[in-house]
Amino acid sequence: MADGVFDPAADLPAMLELRGRVWGADHPHTNAAFLKWLLTETPEGPGSGIVSYQDDKMIGFVGVARRAAAIGDTPVTIAHGLEFMVDPDIGGMLSGRLGVRLLQKHIKRCAELGGDVTLNYPNDNSHRMLLSKRVKYDPVLHPDLYLRPLPGFRLVDQDKNAVARLAFRLGGKVGALVSSVRAKKAATGAEIVELTRFDTRFDDHWNRLQADGKLRFKRNAAWLNWRYADHPIHSYRI
């Protein structure tokens, strides 16, 4: 087996083949345009990944995309783990060992990219590896979000529980969002307008949101356009 850093130009075809074996060739995200958009074209710059080959066949992959967040005026760089896969033909203990090794190298790569924290959404096959003593993610939004501070993360030097508290703030109040928007629309008589792209008004809105000092994923015009207006396979109404 040979591991290395993901090179989109060289490794994407083999990664698509691996994804087809893991998730199905007919899965909508087994798509070259989608994976290129997800891993190399984010507003924060290209992501990366770790690959593992055996006899010229990709047998393992874990990707990372850059995400920006902020606590007030303090930036926080998120390394978002994506597309963690091990070839289903590799069974038993060998599959687990390969997965753990890929995750260890993934964490190192996240730190090399300047991440403060890496987060990962687990599934039934990955959660034990993510929580293992050799990988050390923590579940912060059970059971759907695991998170790990990276070396040098300045906000948790004095408090090992700070990351968990901040992650809960990131995920808080999601369920109340729709009803809140409806209530504010009814109270203000606001008009809903359909747009083709996000503009500088959304930068202004993001700047106002930052003033409350809460931890938030960045939601400026550039990010919103990437996520919704420029999505390669899904169409959104804005």
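**Charges and rings in a predicted model**

Trainee: Over which ring does the charged end of arginine 67 sit, and how far is it from the centre?

Mentor: This is a predicted model. The charged end of arginine 67 sits over the ring of phenylalanine 217, and its distance from the ring centre is 4.3 Å.

Trainee: Over the ring of which residue does the charged end of arginine 219 sit?

Mentor: The charged end of arginine 219 lies 4.4 Å from the centre of the ring in question. That ring belongs to a residue with a relative accessible area of 7%, which is under the 20% limit and therefore counts as buried. The residue is tryptophan 223.

Trainee: With which residue does tryptophan 223 form an aromatic pair, and is the pair stacked or edge-to-face?

Mentor: A pair of aromatic rings is described by the distance of the centres and the angle of the planes. For tryptophan 223 and tyrosine 228, the centres are 6.4 Å apart and the planes stand at 80°. An angle over 60 degrees counts as edge-to-face, whereas stacked planes are under 30 degrees apart. The partner is thus tyrosine 228, and the pair is edge-to-face.

Trainee: Is tyrosine 228 buried or partly exposed?

Mentor: The relative accessibility of tyrosine 228 is 27%. Buried residues fall under 20% and exposed ones over 50%, so a value in between has its own class. Tyrosine 228 counts as partly exposed.

Trainee: What is the angle between the planes of phenylalanine 198 and phenylalanine 202?

Mentor: The structure holds eight aromatic pairs. In the pair of phenylalanine 198 and phenylalanine 202, the ring centres lie 4.8 Å apart and the arrangement is edge-to-face. Phenylalanine 198 is buried at 13% relative accessibility, while phenylalanine 202 is partly exposed at 22%. The angle between their planes is 85°.

Trainee: Which residues do ring pairs link into a cluster?

Mentor: Phe198 and Phe202 belong to the cluster, as do Trp223 and Tyr228. Ring pairs also bring in other residues. The complete cluster is Phe34, Trp37, Phe198, Phe202, Trp223, Trp226, Tyr228 and Tyr236.

Trainee: How many salt bridges does a search of the whole structure find, and how far apart in sequence are aspartate 3 and arginine 101?

Mentor: The search of the whole structure finds 11 salt bridges. One of them joins aspartate 3 and arginine 101, with the closest N and O atoms 2.6 Å apart. Aspartate 3 belongs to strand E1 and arginine 101 to helix H3, so by the element assignment the pair links distant parts of the chain. Their separation is 98 residues.

Trainee: Are glutamate 83 and arginine 19 buried or exposed?

Mentor: The side chains of glutamate 83 and arginine 19 meet in a salt bridge with an N to O distance of 2.7 Å. Glutamate 83 is in strand E4 (residues 74–86) and arginine 19 in helix H1 (residues 8–23), 64 residues apart. Both glutamate 83 and arginine 19 are buried.

Trainee: Which residues form one network through shared salt-bridge partners?

Mentor: Arginine 21 forms a salt bridge with aspartate 87, their closest N and O atoms being 3.0 Å apart. Because arginine 21 lies in helix H1 and aspartate 87 in the loop between E4 and H3, the pair ties together parts that are 66 residues apart in sequence. Arginine 21 is partly exposed at 30%, whereas aspartate 87 is buried at 1% relative accessibility. The network consists of Arg21, Lys57, Asp87 and Asp89.

Methods
Residues numbered from 1 in each chain as written. Predicted model: local features only at pLDDT ≥ 70, side-chain atom pairs only at ≥ 80, totals over all residues. Heavy atoms only, no water. Salt bridge = Lys/Arg side-chain N within 4 Å of Asp/Glu carboxyl O. Helix = DSSP H or I, 4+ residues; strand = E, 2+ residues; numbered from the N terminus. Buried < 20%, exposed > 50% of the residue type's maximum accessible area, 1.4 Å probe, protein only. Phe/Tyr/Trp six-rings, centres within 6.5 Å; stacked < 30°, edge-to-face > 60°. Lys NZ or Arg CZ within 6 Å of the ring centre and 35° of its normal.
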